[in-house]
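Work through the exercises below with the viewer open. Try each task before you read its solution.

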Amino acid sequence: MALARKDREIGDEHLLLALTTLGGVVAEALADHGVTFDSVDTALSSPAPL
């Protein structure tokens, strides 16, 4: 995920993105709470709030 986003370091956000793409129980539990690959990617692409 970090390489695809051209990030220099691997952080928690990359792990969260990976969990949303793997499928299975974890991805389903996250999706039940609105956490999907698209929602995380959008949040990471948005400027940080001040």
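The exercises go from the whole chain to single residues.

This is a predicted model, in which local features need pLDDT of at least 70, side-chain atom pairs count only at pLDDT 80 or more, and totals for chains, interfaces and linings use all residues. Residues are numbered from 1 along each chain as its sequence is written, and side-chain values use heavy atoms, with hydrogens and water left out.

**Exercise 1. The whole chain**

Task: Find how many helices and strands the chain has, and describe its extent and surface.

Solution:
- Step 1. Helices are DSSP runs of H or I with at least four residues, strands are runs of E with at least two, and both are numbered from the N terminus.
- Step 2. The chain has 3 helices and 0 strands. Read from the N terminus, the order is α-α-α.
- Step 3. The C-alpha trace spans about 30 × 25 × 15 Å along its principal axes.
- Step 4. Accessible areas come from the Shrake-Rupley method with a 1.4 Å probe; for residues, only the protein chains shown count as cover. The total for the chain is about 4,000 Å², and carbon and sulfur atoms hold 60% of that surface.
- Step 5. A residue is buried under 20% relative accessible area, exposed over 50%, and partly exposed in between (1.4 Å probe, protein chains only). Of the 50 residues, 14% count as buried.
- Step 6. Contact means heavy atoms within 4.5 Å. Take the contacts between residues at least 6 apart in sequence: 26% of them join residues at least 24 apart.

**Exercise 2. Two sides of a helix**

Task: Which residues of α1 are buried, and what covers them?

Solution:
- Step 1. Pick out His14, Leu17 and Thr20, the buried residues of α1.
- Step 2. Look down the axis of α1: the buried residues fall within an arc of 120°, so they line one face of the helix. The arc is taken from the directions that run from the helix axis to the C-beta atoms.
- Step 3. Recall the geometry. An α-helix has 3.6 residues a turn, so residues three or four places apart point the same way.
- Step 4. Turn to the other side of α1, where Asp12, Leu15 and Leu22 are exposed.
- Step 5. Look for the cover over the buried residues: it includes α2 (24-32) and α3 (37-45).
- Step 6. Go to the residue that follows α1. That is Gly23, with a positive phi near 80°.

**Exercise 3. Two buried residues and their polar contacts**

Task: Is Thr20 buried or exposed, and which residues does Thr20 touch?

Solution:
- Step 1. Locate Thr20 in helix α1, which covers residues 12-22.
- Step 2. Thr20 counts as buried because its relative accessibility is 15%.
- Step 3. List the contacts, leaving out residues up to four places away in sequence: Thr20 touches Ala27, Leu30, Val35, Thr36 and Phe37.
- Step 4. A polar contact is a pair of N or O atoms within 3.5 Å; within protein, one must be able to donate a hydrogen and the other to accept it, and residues adjacent in sequence count only if both atoms are side-chain atoms. A polar atom of the Thr20 side chain lies 2.6 Å from the backbone oxygen of Leu17.
- Step 5. Compare His14, also placed in α1. His14 is buried, with a relative accessible area of 3%. The His14 side chain reaches the backbone nitrogen of Gly11 at 2.8 Å.

**Exercise 4. A nonpolar patch**

Task: Which residues form the nonpolar patch on the surface?

Solution:
- Step 1. Patches are made of residues with over 30% relative accessible area and no salt bridge (a side-chain nitrogen of Lys or Arg within 4 Å of a carboxyl oxygen of Asp or Glu). Like charges are joined within 9 Å, and nonpolar side chains (Val, Leu, Ile, Met, Phe, Trp, Tyr) within 5 Å.
- Step 2. The members are Leu16, Leu19, Leu22 and Val26, with about 340 Å² of accessible area together.
- Step 3. The largest share, 3 residues, comes from α1. Val26 lies in α2.
- Step 4. Check two members. Val26 is partly exposed at 43% relative accessibility. Leu19 is partly exposed at 36%.
- Step 5. Set aside neighbours within four places in sequence: Leu19 is in contact with Val26, Ala27 and Leu30.

**Exercise 5. Distances in sequence and in space**

Task: How far apart, C-alpha to C-alpha, are Ala18 and Phe37?

Solution:
- Step 1. Ala18 and Phe37 are 19 residues apart in sequence and 8.1 Å apart in space.
- Step 2. Leu19 and Thr36 are 17 residues apart along the chain, with 9.2 Å between their C-alpha atoms.
- Step 3. For Gly24 and Pro47, 23 residues apart in sequence, the C-alpha distance is 30 Å.
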